[in-house]
Amino acid sequence: MNNICVFCSASDQVDPLYKKAAEALGNVLGAEGVRLIYGGASIGLMGILANTVLGAGGEVIGVIPENLQQRELAHQGLSELHVTKTMQERQKMMADLADVFVILPGGLGTLTELTEVMTWKQLNIHDKPIFLLNIGGFWDPLLKTFAHMDKQGFFHGEYSHIFEVFDDIEALQACIIQTKT
Ligand code: AMP
């Protein structure tokens with residue numbers, strides 16, 4: 001687990017609880033020498049995360065589509081910044097570079113990214129771990145929705161193995177230490 005792809009919010013208008021979580025995750029990645037792969041923005045939780053990893057001496061690879069470079073203020077101080085033609089190319093490049101996916105709280109973009117890597121895993125397109133960071137119970141309503149979809153027969157087989165839920169960064173850090181190569 002040397003390349004962690006993190007999906008998270010591009011918004012700055014969120015509770016400090018989530019900003020602290022992004023910072024804490026950044027410090028863990030920096031301390032453990034794990035490379036961050038992310039969406040390349042300098043704003044929101046994405047910006048906090050990238051800046052913290054860089055500040056801790058870590059490596060950060062950003063991947064951003066060309067039409068979002070201005071809107072999401074592409075980070076100019078990363079170890080590497082890849083600019084893709086489309087959102088789909090961005091998503092594929094981040095997924096190819098990742099050994100594992102970690103999902104912090106976020107909005108529609110984060111939800112899209114999460115459900116996409118979940119769907120790809122269900123279809124055996126990849127078999128990489130997906131870790132949901134359930135800070136302050138943020139993802140509880142979504143987990144409830146997944147359980148409802150499952151109960152109504154809309155999942156294709158057992159779905160609980162698709163992702164793992166962590167309630168705090170400490171639990172995730174222990175897992176990173178265990179599986180680091
Ligand atoms: P959000 O969670 O809405 O703040 O978005 C977080 C990141 O997800 C941003 O960098 C978005 O550009 C990105 N994203 C990825 N796929 C999509 C999509 N299909 N629609 C909107 N945003 C997306």
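The ligand in this predicted model takes up the space of the largest pocket. The elements that each contribute two or more residues to the shell around the ligand are α3 (87–97) and α4 (108–122). Of these elements, α4 gives the most to that shell, with 5 residues.

**Ligand environment**

The shell around the ligand holds 15 residues, of which Ala10, Glu72, Gly107, Gly109 and Thr110 come nearest. Sorted by class, this shell consists of 6 nonpolar, 6 polar and 3 charged residues. Two of the nearest residues, Glu72 and Gly107, also appear among the polar contacts listed below, together with Glu113.

| Residue | Protein atom | Ligand atom | Distance |
|---|---|---|---|
| Glu72 | polar side-chain atom | oxygen | 2.7 Å |
| Gly107 | backbone N or O atom | oxygen | 2.8 Å |
| Glu113 | side-chain N or O atom | oxygen | 3.3 Å |

Glu72 and Glu113 thus face ligand oxygen atoms through their side chains, whereas Gly107 does so through its backbone. On its own, the ligand has 490 Å² of accessible area, and the protein covers 75% of this area.

**Overall fold**

The protein chain contains 6 helices and 7 strands. In sequence order, these elements follow the pattern β-α-β-α-β-β-α-β-α-β-α-β-α. The chain therefore begins with a strand and ends with a helix in terms of its assigned elements.

How does the radius of gyration of the protein chain compare with that of a compact globule, and what is its value? For 181 residues, a compact globule would have a radius of gyration near 16 Å, and the protein chain, at 15 Å, agrees with this expectation. The C-alpha trace of the protein chain spans about 45 × 35 × 35 Å along its principal axes.

Definitions and conventions: Residues are numbered from 1 along each chain as its sequence is written. This is a predicted model: local features need pLDDT of at least 70, side-chain atom pairs count only at pLDDT 80 or more; totals for chains, interfaces and linings use all residues. Side-chain values use heavy atoms; hydrogens and water are left out. A residue is near a molecule or strand if one of its heavy atoms lies within 4 Å of it. A polar contact is a pair of N or O atoms within 3.5 Å; within protein, one must be able to donate a hydrogen and the other to accept it, and residues adjacent in sequence count only if both atoms are side-chain atoms. Accessible areas come from the Shrake-Rupley method with a 1.4 Å probe; for residues, only the protein chains shown count as cover. On a 1 Å grid over the protein atoms alone, a cavity is a set of points where a 1.4 Å probe fits but cannot get out, and a pocket is an open set with protein on both sides within 12 Å along at least five of seven lines; lining residues have an atom within 4 Å of a point. A molecule sits in a cavity or pocket if more than half of its atoms lie within 2 Å of its grid points. Helices (H or I, at least four residues) and strands (E, at least two) are DSSP runs, numbered from the N terminus. Ala, Val, Leu, Ile, Met, Phe, Trp, Tyr, Cys and Pro count as nonpolar, Asp, Glu, Lys and Arg as charged, and the others, Gly among them, as polar. The radius of gyration is taken over C-alpha atoms; the globule rule is 2.2 Å times the number of residues to the power 0.38.
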